[in-house]
Amino acid sequence: MEKNGHILTISGVTKTFDGVRALDDVSFSIRSGDIKALIGPNGAGKTTLLNAVSGLNPPTNGSVLLEGRDVVGLRTDQIASLGMSRTFQLIRLFTINNATVLDNVLLGAHMHLKPTLFGTIFLRRKIKRQEREITQKAMDLLKLVGLEKDAHAFPGELSFGNQRLLELARALMTDPKMLLLDEPASGLNDTEVEEFTRLLMTIKQQGITILIVEHNMKLVMNIADDIVVLDFGRKLAEGPPSAICANPDVIQAYLGVQSTECGVPL
Ligand SMILES: Nc1ncnc2c1ncn2[C@@H]1O[C@H](COP(=O)(O)OP(=O)(O)OP(=O)(O)O)[C@@H](O)[C@H]1O
Ligand SMILES: [Mg+2]
């Protein structure tokens with residue numbers, strides 16, 4: 001970790017698509033252990049920022065320091081192995097070869113299995129034990145997100161909300177230090193949002209730092225330690241929920257009537 005307690009520091013991040021600036025000189029930091037929310041109108045650049053940070057679509061300019069190390073230019077799997085894991089706004093689950101819900105979580109562990117491929121020839125018993133442990137871990141994570149009973153179902157049989165929870169379980173399989181979540185609560189009903197809030201708090205208590213993109217303001221205001229607001233690719237505001245809620249620029253650009261949701265307990 002960096003000396004100042006920041007796990008992630010984004011500096012001057014700019015991303016252009018065919019000359020159009022989707023991100024324009026965005027800088028902010030995330031304290032280790034915090035839940036930081038990234039909010040803003042449709043098209044503000046939130047997903048583009050997560051893609052830039054996770055290596056999926058690197059920035060045109062700027063730096064992304066994960067525990068002090070610049071990860072710009074590294075592949076997604078390299079960034080994941082440094083402790084950053086993510087979920088997607090458009091769900092990405094495996095359905096080929098009749099992959100089940102459990103298989104999808106197990107796929108999150110492939111990074112940890114790789115070094116043991118060599119051992120499959122010589123150390124069968126060790127591998128068997130590892131497989132058992134990994135399957136147990138995957139089942140524990142499915143239980144954590146409330147999908148234990150669906151372990152042997154196919155992802156397509158789950159509701160969209162539950163498919164997002166499955167993606168979260170898969171992301172946790174890599175033992176991340178940090179999670180990037182892109183609209184994880186979309187598709188959840190009010191009761192499910194409450195459960196999801198508790199789940200995020202449990203994950204936070206495990207010491208995992210979270211950067212969450214979310215339009216559900218009740219959820220954001222209840223869980224975020226800190227918020228950064230994007231508008232037209234630029235940082236409009238940054239601060240604790242109370243200050244963001246009261247910020248006239250943020251109300252004007254994004255919150256609008258939703259500002260009444262600020263501070264309302266779930
Ligand atoms: N691959 C791409 N090629 C061209 N333009 C893109 C690409 N990806 C994003 N953009 C543009 O960049 C801008 C930011 O898009 P982005 O998806 O990051 O917004 P967002 O804040 O995630 O919005 P939403 O809340 O709707 O998910 C938009 O104008 C979008 O059209
Ligand atoms: Mg988006």
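**Briefing: a ligand shell, a sheet and a helix**

Ligand 1 is surrounded by Phe 17, Ala 22, Gly 40, Asn 42, Gly 43, Ala 44, Gly 45, Lys 46, Thr 47, Thr 48 and Gln 89, each with its C-beta atom, placed from the backbone, within 6 Å of the ligand. Keep in mind that this is a predicted model, where local features need pLDDT of at least 70, side-chain atom pairs count only at pLDDT 80 or more, and totals for chains, interfaces and linings use all residues. Residues are numbered from 1 along each chain as its sequence is written, while chains are lettered from A and ligands numbered from 1 in the order in which they are written.

**Around the ligand**
- Helix α1 (residues 46-54) gives the largest share of the shell, 3 residues; helices (H or I, at least four residues) and strands (E, at least two) are DSSP runs, numbered from the N terminus.
- By class, the shell holds 3 nonpolar, 7 polar and 1 charged residues, with Gly counted as polar.

**The sheet**
- An open sheet is built from 4 strands in the order β2-β1-β4-β5, with antiparallel pairing; two strands pair if DSSP finds at least two bridges between them.
- The edges belong to β2 (20-31) and β5 (69-70), each with a single partner strand, so one side of each has no neighbour in the sheet.
- Strand β1 (residues 6-17) pairs with β2 over 8 bridges, and Lys 15 sits opposite Leu 23 in β2.

**Helix α7**
- Helix α7 (residues 160-172) has 13 residues and reaches 19 Å from first C-alpha to last, close to the expected 18 Å, which is 1.5 Å times one less than its number of residues.
- In α7, 11 of the 13 residues are buried, so the rest of the structure largely encloses it; buried means 20 or more other C-beta atoms within 10 Å of a residue's own.
- Among those buried residues are Asn 162, Arg 164 and Leu 172.

Terms used: A residue is buried if 20 or more other C-beta atoms lie within 10 Å of its own, exposed if 12 or fewer, and partly exposed in between; C-beta atoms are placed from the backbone.
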